[in-house]
Structures are given as structure tokens and as C-alpha cells.
Amino acid sequence: MGFGLKWINFIRACLSSSSISILINGSPTREFSPGRGIRQGDPISPFLCIITAKGLNILAKCEIVNDQFRGICVGHDRIVVSHLQYADDTIFFGEWSKRNAKNISKLLKCFENISGLKVNLKNSNLYGIGVAKNDVEEMARYIKCTAGSTPFTYLGLPIGVISTKAFSW
């Protein structure tokens, strides 16, 4: 992403110079270095999360430009939507095809290799709008994630409900 060596070394120092101890019966143990990166609640965590999400965004855009993943067209202007991100949460939108599923799996594997982070496919869901339930289940097995069903909630918003109904609001 074009960060300078000085900045990279600063971040590396933040991630590797910490030490912690544990309280056992009210007494602290000897300090030790954690085995992996930052801890939950670390002040630098949100910043690194945004940088990491930006990396996934760049990979996804490359897949679109190279016609490896096809998003969906929406509206009168036929705007292509391929993914939305919020903090560490990403949702992909795409044409229903095995090719798209295979390429999104490759994209996520590439992201894992580059970032060192692991995408938890067991906590990931695949939804098919206007697709038979057994086709969704088959595709979910293919990409090793969970088959979801509509309606569902994303970031607190109902997805897959008829929005003209009062109960959906």
C-alpha cells in the first residue's frame, strides 16, 4: 500500500514489543510476550483493521476489473455492486455461478496468504436470492461455508424481506 519503511518498522515494534502478565489469586505472574500480534481492545486495533479491510477491498476490485468475479447490476444506471464492507465485516454480491464461487474462494485464500489472517468460512454464509435451497446448499458445500436462508439480518438491517410491509421496518 506504499507505506514507508519507517512507518512499517513503527507498527512492527508496536506489535512485537508488548509484554503481559496474568493475575493468579491476586498476584501477578512474571511478564511474558504474547505469541501473536495485538490484543482485543488495543488502541491501534481499529486502525490496523481499516488497513486490512482496504487490502481486501483492493483485491476484490482487481477481481472485478480482471473479470474474475461478476457483481450484480442495480438500478436504472446498471451500477455494478460486488461487495460492501463495515469494519471487519464484508458481504459479497455476485452472479450465481460456480465460476464466481470458485473465484471468490481464491480471492479469500489470496487475502489469507497476503495478510496472515484466517477467514473463518464456518462463520460465513452463502445466500441465493431466487435460487433453489438445494442449489444454495450444494454451492455452500463446494466453497466450504454455511448455507443461509432469507430473510436474514446484516448489520441490524433485514435483508430479503418485502420492504413495503410495515413489520420489516
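1. Two strands are taken as paired when DSSP finds at least two bridges between them. On that footing, strand 5 (residues 83-86) and strand 6 (residues 89-92) of this predicted model are antiparallel and are joined by four bridges. Within that pairing, glutamine 85 has threonine 90 of strand 6 as its bridge partner, and histidine 83 is matched in the same way with phenylalanine 92 of strand 6. The two strands make a hairpin with two residues between them, and in the turn alanine 87 takes a positive phi of about 55 degrees.

2. As for the overall layout, the protein chain contains four helices and ten strands, and their order along the sequence is α-β-β-α-β-β-β-β-α-β-α-β-β-β. Of the 169 residues in the protein chain, 22% are buried. Among contacts in the protein chain with a separation of 6 or more, 41% are between residues 24 or more positions apart.

3. Which residues make up the largest nonpolar core? This core has nine residues, namely Leu56, Leu59, Ala60, Phe69, Ile104, Leu107, Leu108, Phe111 and Val119. Helix 2 (45-65) and helix 3 (98-115) are the elements that contribute two or more residues to this core, and helix 3 supplies the largest share, with four residues. Apart from this core there is a second, separate one of six residues, among them Leu126, Ala140, Ile143 and Cys145.

4. A useful residue to inspect in the viewer is leucine 107, which belongs to the largest nonpolar core. When its neighbours within four places in sequence are set aside, leucine 107 is in contact with Leu56, Leu59, Ala60, Glu63 and Phe92. Of these partners, Phe92 also appears in the hairpin described above, where phenylalanine 92 of strand 6 is the bridge partner of histidine 83.

5. The packing of helix 2 against helix 3 deserves a point of its own. The axes of the two helices come within 10 Å and cross at roughly 140 degrees, and the crossing of helix 2 past helix 3 is right-handed. On the helix 2 side, the residues that take part are Thr52, Leu56, Leu59, Ala60 and Glu63, and these meet Asn103, Leu107, Leu108, Cys110, Phe111, Ile114 and Ser115 of helix 3. Sorted by class, this contact has eight nonpolar, three polar and one charged residues.

6. Is asparagine 103 buried or exposed? Asparagine 103 lies in helix 3, and its relative accessibility is 4%, so with the cut-off for burial set at under 20% this residue counts as buried. Leaving out neighbours within four places in sequence, the contacts of asparagine 103 are with Glu63 and Gln68, and asparagine 103 is also listed among the helix 3 residues that meet helix 2.

7. Lysine 102, likewise placed in helix 3, is partly exposed, since its relative accessible area is 38% and therefore falls between the limits of 20% and 50%. Although lysine 102 and isoleucine 143 are 41 residues apart along the chain, their C-alpha atoms are separated by 7.1 Å. Isoleucine 143 is itself one of the residues of the second core.

8. Some backbone details in loops should be checked by eye. The peptide bond joining threonine 150 and proline 151 is cis, with omega at about -5 degrees, and proline 151 sits in the loop between strand 8 (146-147) and strand 9 (152-154).

9. Where are positive phi values found outside the hairpin turn, in residues other than glycine? Asparagine 25 has phi near 55 degrees and lies in the loop between strand 1 (23-24) and strand 2 (27-28); with a relative accessible area of 80%, over the 50% limit, asparagine 25 is therefore classed as exposed. Arginine 78, which is not a glycine either, has a positive phi of about 55 degrees and is located in the loop between strand 3 (72-74) and strand 4 (79-81). Arginine 78 is also exposed, because its relative accessible area is 54% and exposure is set at over 50%.

How values were computed:
Residues numbered from 1 in each chain as written. Predicted model: local features only at pLDDT ≥ 70, side-chain atom pairs only at ≥ 80, totals over all residues. Heavy atoms only, no water. Core = buried A, V, L, I, M, F, W, Y, C linked by side-chain atoms within 4.5 Å. Buried < 20%, exposed > 50% of the residue type's maximum accessible area, 1.4 Å probe, protein only. Contact = heavy atoms within 4.5 Å. Axes fitted to C-alpha atoms, helices over the stretch in contact; angles between N-to-C directions. Left-handed = near helix turned anticlockwise from the far one by under 90°. Nonpolar A, V, L, I, M, F, W, Y, C, P; charged D, E, K, R; others polar.
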